[in-house]
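Q: Please take a close look at one helix of this model and at the surroundings into which it is packed. A connected account, moving outward from a single side chain, would be most useful.

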Amino acid sequence: MRIATLDDATALLAPFLAGAEEERVLAVHLDGDRMLLAVTFEQAGSRDDVALPLRSIAAAALRLQAAAIIVAHNHPSGDPAPSAADRDATRRLADVLRPLGIRLLDHIVFADGESRSMAAMGLL
């Protein structure tokens with residue numbers, strides 16, 4: 001399966017996060033042609049908070065020999081707008097992955113049937 005667009009990514013990820021009552025983090029691992037290598041469940045948090053597990057995400061990407069990843073998580077609160085903490089953690093993840101030769105393509109936040117792409121918002 002090729003994940004070439006935001007629509008491809010949201011179609012893949014939405015079913016994993018729909019209806020979750022706690023925040024969950026997923027990572028989509030892609031090869032250089034954006035072919036899907038794996039989707040990994042990275043962490044679950046509370047109803048309104050989850051830490052982005054930088055080490056775990058980077059380790060999985062290295063193990064899978066991913067060229068790029070897309071990260072996603074949900075906001076059970078119903079608001080898909082990325083929080084300040086979401087934006088900060090995304091920048092830190094991109095900084096961790098860059099020297100490893102892995103590109104962070106997007107961080108998508110899902111809530112109440114909607115999603116927001118940090119890449120589309122110019123935050124990556």
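**A helix and its surroundings**

A: Asp86 is buried, its relative accessible area being 10% (buried means under 20%, exposed over 50% and partly exposed in between, with a 1.4 Å probe and protein chains only). The model is predicted, so that local features need pLDDT of at least 70 and side-chain atom pairs count only at pLDDT 80 or more, whereas totals for chains, interfaces and linings use all residues. Residues are numbered from 1 along each chain as its sequence is written, and side-chain values use heavy atoms, with hydrogens and water left out.

Asp86 belongs to helix α3, which spans residues 84-97 (helices are DSSP runs of H or I with at least four residues, strands are runs of E with at least two, and both are numbered from the N terminus). Beyond its neighbours within four places in sequence, the contacts of Asp86 are His73, His75, Ala81, His107, Val109 and Met118 (contact means heavy atoms within 4.5 Å). Between the C-alpha atoms of Asp86 and Ser56, 30 residues apart along the chain, the separation is 17 Å.

The loop between β3 and α3 contains Ser83. With 30% relative accessibility, Ser83 counts as partly exposed. Ser83 and Val109 lie 26 residues apart along the chain, and their C-alpha atoms are separated by 9.7 Å. Val109 is also one of the contacts of Asp86.

The next topic is the pairing of α3 with another helix. The axes of α3 and of helix α2 (residues 54-63) come within 10 Å and cross at roughly 40 degrees (axes are lines fitted to C-alpha atoms, for helices over the stretch in contact, and angles run from 0 to 180 degrees between N-to-C directions). The two helices are therefore oblique to each other (under 35 degrees counts as roughly parallel, over 145 as roughly antiparallel, 65 to 115 as roughly perpendicular and the rest as oblique). The crossing of α2 and α3 is right-handed, meaning that the near helix is turned clockwise from the far one by less than a right angle. From α2, Leu54, Ile57 and Ala58 meet Ala89, Arg92, Leu93, Val96 and Leu97 of α3. By class, the residues of this contact are seven nonpolar, no polar and one charged (Ala, Val, Leu, Ile, Met, Phe, Trp, Tyr, Cys and Pro count as nonpolar, Asp, Glu, Lys and Arg as charged, and the others, Gly among them, as polar).

Some of these residues recur in the largest nonpolar core, which has 15 residues (a nonpolar core is a set of buried Ala, Val, Leu, Ile, Met, Phe, Trp, Tyr and Cys residues joined through side-chain atoms within 4.5 Å). The members touching the most other members are Leu52, Ile57, Ile69, Val71, Leu93, Leu97 and Leu104. Two or more residues of this core come from each of α2, β3 (68-74) and α3. Leu104 illustrates the packing: apart from neighbours within four places in sequence, Leu104 is in contact with Ile69, Val71, Thr90, Leu93, Ala94, Leu97 and Leu124.

Apart from this core lies another, of 14 residues, including Leu17, Leu30, Ile70 and Ile108. Ile70 is part of strand β3 and counts as buried at 5% relative accessibility. Outside its neighbours within four places in sequence, Ile70 is in contact with Ile3, Ala9, Leu13, Leu26, Ala27, Val28, Leu30, Leu105, Asp106 and Ile108. Ile70 and His29, 41 residues apart in sequence, are 6.8 Å apart in space, C-alpha to C-alpha.

Leu30 and Val28 also appear among the contacts of Leu36, together with Met1, Leu12 and His29, neighbours within four places being left aside. Leu36 lies in strand β2 (residues 36-44) and, at 27% relative accessibility, is partly exposed. Its C-alpha is 6.6 Å from that of Ile3, a residue 33 places away in sequence.

Finally, two loops hold residues with positive phi. In the loop between α2 and β3, Gln65 has a phi near 55 degrees without being a glycine. Gln65 is exposed, with a relative accessible area of 69%. Arg34, likewise not a glycine, has a positive phi of about 65 degrees and sits in the loop between β1 (24-30) and β2. At 27% relative accessibility, Arg34 counts as partly exposed.
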